[in-house]
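Here are my notes on this one, as numbered points. Have the model open while you read.

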Amino acid sequence: MADYKEMYLTMMRAAEQAINILIAAQQACEEAYLQEDAPHVFILENETDNAKQE
């Protein structure tokens, strides 16, 4: 007979490891993003906006 408890525990341990890998990857990406310089943002106006203001 199969040992269902051990099979369940094996799956739960693997799922927990997968979640921890994903969390670590997300944290690494967040840290890399925070280390970057702020992007330069330019607001471009289109012709219809200029015409409305005049």
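1. Arg13 and Glu6 pair through their side chains in a salt bridge, at 2.9 Å from N to O. The term means a side-chain nitrogen of Lys or Arg within 4 Å of a carboxyl oxygen of Asp or Glu. By that rule the count is one salt bridge.

2. A caveat before going on: this is a predicted model, where local features need pLDDT of at least 70, side-chain atom pairs count only at pLDDT 80 or more, and totals for chains, interfaces and linings use all residues. Residues are numbered from 1 along each chain as its sequence is written, and side-chain values use heavy atoms, with hydrogens and water left out.

3. Are the two partners buried or exposed? Arg13 is partly exposed at 43% relative accessible area, and Glu6 is partly exposed at 37%. Here buried means under 20%, exposed over 50%, and partly exposed in between (1.4 Å probe, protein chains only).

4. As for the whole protein, 0% of its 54 residues count as buried. The secondary structure is two helices and zero strands (DSSP runs numbered from the N terminus: H or I of at least four residues for helices, E of at least two for strands).

5. Met12 sits in helix H1, residues 4-35. Met12 is partly exposed, at 39% relative accessible area.
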